[in-house]
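Got the model open in your viewer? Here's a walk through it, one selection at a time.

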Amino acid sequence: MGKICIINTGSKPNNIFINGKYKYINGGTRESGYLDEFNNDANAITTPSRGQGGIGFVGYQSEKFWLGALCYGIRAKNHKELSIKYLYFYLLTSNQIILLKQEGGTPAVNLTDLEKILIPIPPIDVQEKIVKILDKFDTLVNDISEGLPKEISLRTKQYEYYRDKLLNFSKT
């Protein structure tokens, strides 16, 4: 991975806000706040470099963001050879990062070990087809997990409305 990617950690920002334009990704698993500035461009992979519970998590940042010191940012060196979104999906299905975890006081993944991960790299057009298919499935799954509870709630209200209407025997 070190031959095809730029892998780095970020830095601690001066001010972290609740409301800001850019996500602050520090532990890697979710945003740790927001900032009015960024230090990483969009289309990057993030994964925790150290800490309890996050090692092995792989995130995809579709917008500019601030990369913190406790997280690796991963970008393609050459976008004509590697789709970073393809690499993201590959790392999601692989357990290679979690296998690199060094135990101790604070679990960590060393950069030199991360750079040694072997990635199968098909031609870019094949990578893009894979990404297109997986993006479509990802959208469907998210729509179901977000939309289904809402649909169930609406159907329950509809059922209750008609049930109450049918069982209301008052002469109004």
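Start by selecting Lys23 and Tyr34: Lys23 stands opposite Tyr34, which belongs to strand E3. Keep in mind as you look around that this is a predicted model. Now widen the selection to residues 22-25, which make up strand E2. E2 and E3 run antiparallel and are joined by three bridges. Strands in a sheet pair through backbone hydrogen bonds, either parallel or antiparallel.

Add one more strand and you have the whole sheet. It is an open one of three strands, in the order E3-E2-E6, with mixed pairing. Which strands stand at the edges? Select 31-35 for E3 and 65-67 for E6: each of these has a single partner strand, so one of its sides has no neighbour in the sheet. Tilt the view and look at the twist, too: on average, neighbouring strands here are turned by 30 degrees against each other, ignoring direction.

**The loop next door**

Go to Arg30, in the loop between E2 and E3. Is Arg30 buried or exposed? Its relative accessibility is 62%, so Arg30 counts as exposed. Leaving out residues up to four places away in sequence, Arg30 touches Tyr24 and Ile25. Now add Phe57 to the selection and draw a line between the C-alpha atoms: Arg30 and Phe57 are 9.9 Å apart in space, with their positions 27 residues apart in sequence.

**A strand with two partners to visit**

Next, select 71-76, which is strand E7. E7 is mostly covered, with five of its six residues buried. Bring in strand E1 (5-9) and you'll find five bridges joining E1 to E7, the two running antiparallel. One pair to click on is Ile6 with its bridge partner in E7, Arg75.

Then bring in strand E4, residues 44-48. E4 also runs antiparallel to E7, and four bridges join them. Here, pick Thr46 and look for its bridge partner in E7, Gly73.

**Into the core**

Time to hide the ribbon and show side chains. In soluble globular proteins, nonpolar side chains tend to be buried together. The largest nonpolar core in this model has 25 residues. Select Met1, Ile74, Leu87, Leu91 and Leu114 to see those with the most contacts inside it. E1, E7 and helix H1 (84-93) each supply at least two residues of this core. Which element gives the most? That's H1, with seven residues.

Zoom in on Leu87. Setting aside neighbours within four places in sequence, Leu87 is in contact with Met1, Cys5, Ile45, Ile74, Leu82 and Ile119. There is also a second, separate core, made of five residues, and you can find it by selecting Ala44, Phe65, Leu67 and Cys71, which are among them.

Stay with H1 for a moment. This helix is mostly covered: eight of its 10 residues are buried. Colour them in and you'll light up Ile84, Lys85, Tyr86, Leu87, Tyr88, Phe89, Tyr90 and Leu91.

**The charged stops**

One name on that list carries a charge, so what does Lys85 meet? Select Asp135 as well: the two side chains form a salt bridge, 2.8 Å from N to O. A search of the whole structure finds one salt bridge. The pair links distant parts of the chain, as Asp135 sits in helix H4 (residues 124-166) and Lys85 in H1, 50 residues apart. At 18% relative accessibility, Lys85 counts as buried, while Asp135, at 25%, counts as partly exposed.

For a contrast, select Asp113 in helix H3, residues 111-115. Asp113 is buried yet has no salt bridge. What is the nearest side chain of opposite charge? It's Lys116, 4.5 Å away. Not counting residues up to four places away in sequence, Asp113 touches Leu100 and Gln102.

**Last stop**

Finish with Lys157, back in H4. Lys157 is exposed, with a relative accessible area of 54%. Zoom out and add Gln96: the C-alpha atoms of Lys157 and Gln96 are separated by 46 Å, and the two residues are 61 apart along the chain.

Note on methods. Residues are numbered from 1 along each chain as its sequence is written. This is a predicted model: local features need pLDDT of at least 70, side-chain atom pairs count only at pLDDT 80 or more; totals for chains, interfaces and linings use all residues. Side-chain values use heavy atoms; hydrogens and water are left out. Two strands pair if DSSP finds at least two bridges between them. Axes are lines fitted to C-alpha atoms, for helices over the stretch in contact, and angles run from 0 to 180 degrees between N-to-C directions. Buried means under 20% relative accessible area, exposed over 50%, partly exposed in between (1.4 Å probe, protein chains only). Lys and Arg count as positive and Asp and Glu as negative; His and the chain ends are not counted. A salt bridge is a side-chain nitrogen of Lys or Arg within 4 Å of a carboxyl oxygen of Asp or Glu. Contact means heavy atoms within 4.5 Å. A nonpolar core is a set of buried Ala, Val, Leu, Ile, Met, Phe, Trp, Tyr and Cys residues joined through side-chain atoms within 4.5 Å.
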